[in-house]
Amino acid sequence: MTEFKFSQVDVFSSAPHRGNPVAVVHGADALTDDQMARFAHWTNLSETTLLLSPTQESADYRLRIFTPDQELPFAGHPTLGSARAWLEAGGIPRTPGQVVQECPAGLITVVMDDDDGLSFGAPPLVRSGDVDSATLAVARQALGLKPGQIQAANWVDNGPGWVGLVLTDAQTVLRCTPDAAAFAEHDLRVGLLGAYGPNGRTGPGDQAGRTGHDADVEVRALIAMGGTVREDPVTGSLNAGFASWLIPAGLAPEEYVAAQGTVLGREGRVRVRHDGQDIWVGGDTQVLVHGTVQF
């Protein structure tokens, strides 16, 4: 057996065990595709990542991202968690203040924020635009929603295949109960977003100040998997996809905070901002497990 350095990172929460964990294997160049996939299946986390030597001169490292069932070209919380693990393990970026990750989706820049958080630059959407009426009808039925409860719909796919739905408000998002059989039958990957009202912070399109809740919107990520539906606790790629759609369309402000994982007992907080050119998606990251893993 061979030992590899191992980290487990909690992403998008300032409180331990309230975000979304990612398992990270360091220096994994010697592992085969099968070993990587088997380990990700074994951890049974939403994602497991492998840090490898970069093949592009401008990258600090190369990253492969696996769910228990497949490899992804890009995912948000694994990107931030892996960057944090690499930095804590002694990684020194080529450019001070930022890390460049190489992955199948291209080169992803991760910047170090003033509050010691990390933010990644949202990758371009590989599919955008209106959702066709048939897909929208299937999604609405699978979510148990009435036609008027969906205010807008768009493809927000930056790799995982997200359909983005803006619902009436945050409470509608929280009350939504997906039909597992319908999700599995149609292999749906749906993101929901709803704004908080007068008793919370402002939502997209509203520039008033904070009045209560510490987030502007509530987000949920629902994924068909293994014949049922799985909810991802906190999802960087989905929040990046929503921002890439809503901010340029004038449906969201230049900066806002999304809550996610509420119905799962998590306290995910995703900070989204547009700097006039790029969209940045970030949050807190904490390495909670240090050790080794044997292959």
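## Questions and answers on a predicted model

Just after helix α1, Asn 44 takes a positive phi of about 60 degrees. The model is predicted, and the turns below start from this helix.

Me: Happy to begin with α1: which are its buried residues, and on which side or sides of the helix do they lie?
Reply: Helix α1 spans residues 33–43. Its buried residues are Met 36, Phe 39, Ala 40 and Thr 43. Because these residues cover an arc of only 100 degrees around the axis, they lie on the same side of α1.

Me: Which exposed residues does the face of α1 turned away from its buried side carry?
Reply: The buried side of α1 is covered by elements including β1 (3–11), β2, β3 (48–52), β4 (61–66) and β18 (285–294). The face turned away from that side carries the exposed residues Arg 38, His 41 and Trp 42.

Me: Good, so let us turn to α3. Which of its residues are buried, and how wide an arc do they cover?
Reply: In helix α3 (residues 133–143), the buried residues are Ala 139, Ala 142 and Leu 143. They sit on the same side of α3, because the arc they cover around the axis is only 95 degrees.

Me: What covers the buried residues of α3, and which residues are exposed on the other side?
Reply: The cover over the buried residues of α3 includes β11 (163–167), α5 (180–186), β12 and β13. On the other side of the helix, the exposed residues are Ser 133, Ala 134 and Gln 141.

Me: Which residue just after α3 takes a positive phi, and of about how many degrees?
Reply: Helix α3 covers residues 133–143. Just after α3 comes the residue with a positive phi of about 70 degrees, and that residue is Gly 144.

Me: Now the charged pairs. How many salt bridges are there?
Reply: Side chains of opposite charge can pair when their charged atoms come close. One such salt bridge joins Asp 214 and Arg 269, at 2.9 Å from N to O. By the rule applied here, the count comes to 8 salt bridges.

Me: How many residues apart in sequence are the parts that Asp 214 and Arg 269 tie together?
Reply: The side chains of Asp 214 and Arg 269 meet in a salt bridge. Asp 214 lies in the loop between β12 (189–195) and β13 (217–225), while Arg 269 lies in strand β16 (residues 268–274), so the parts they tie together are 55 residues apart in sequence. Asp 214 is partly exposed at 35% relative accessibility, and Arg 269 is partly exposed at 23%.

Me: Is Glu 231 buried or exposed, and is its partner Arg 220 buried or exposed?
Reply: Glu 231 and Arg 220 form a salt bridge whose closest N and O atoms are 2.8 Å apart. Glu 231 lies in strand β14 (residues 228–232) and Arg 220 in strand β13, so the pair ties together parts that are 11 residues apart in sequence. The cut-off for buried is under 20% relative accessible area. At 15%, Glu 231 is buried, and at 6%, Arg 220 is buried.

Me: With which residue does Asp 232 form a salt bridge?
Reply: Asp 232 is buried at 3% relative accessibility. Its partner is partly exposed at 21%. The closest N and O atoms of the pair are 3.3 Å apart, and the partner is Arg 230.

Me: Which residues do salt bridges that share partners join into one network?
Reply: Here the salt bridges have partners in common. The residues joined into one network are Asp 33, Arg 64 and Glu 71.

Me: What about sulfur: how many disulfides are counted?
Reply: Cys 103 is buried, with a relative accessible area of 8%. Cys 176 is buried as well, at 6%. A disulfide needs two cysteine sulfur atoms within 2.5 Å, and the count comes to 0 disulfides.

Me: Which residues lie nearest the centre of the largest pocket?
Reply: The largest pocket has a volume of about 180 Å³. β2 (20–25) and β14 are the elements that give two or more residues to its lining. Of the 13 lining residues, those nearest the centre are Asn 44, Leu 45, Ser 46, Arg 230 and Pro 233.

Me: And which element gives the largest share of the lining of the largest cavity?
Reply: The largest cavity has a volume of about 80 Å³. Its lining has 15 residues, with Glu 47, Ala 75, Asp 232, Thr 235 and Ser 237 nearest the centre. Both α2 (76–88) and α6 (236–246) supply at least two lining residues. The largest share, 3 residues, comes from α2.

Methods:
Residues are numbered from 1 along each chain as its sequence is written. Side-chain values use heavy atoms; hydrogens and water are left out. Buried means under 20% relative accessible area, exposed over 50%, partly exposed in between (1.4 Å probe, protein chains only). A salt bridge is a side-chain nitrogen of Lys or Arg within 4 Å of a carboxyl oxygen of Asp or Glu. Helices (H or I, at least four residues) and strands (E, at least two) are DSSP runs, numbered from the N terminus. The arc is that of the directions from the helix axis to the C-beta atoms. Contact means heavy atoms within 4.5 Å. On a 1 Å grid over the protein atoms alone, a cavity is a set of points where a 1.4 Å probe fits but cannot get out, and a pocket is an open set with protein on both sides within 12 Å along at least five of seven lines; lining residues have an atom within 4 Å of a point. Grid points are joined across faces, edges and corners, and a volume is the space filled by probe spheres set on the points.
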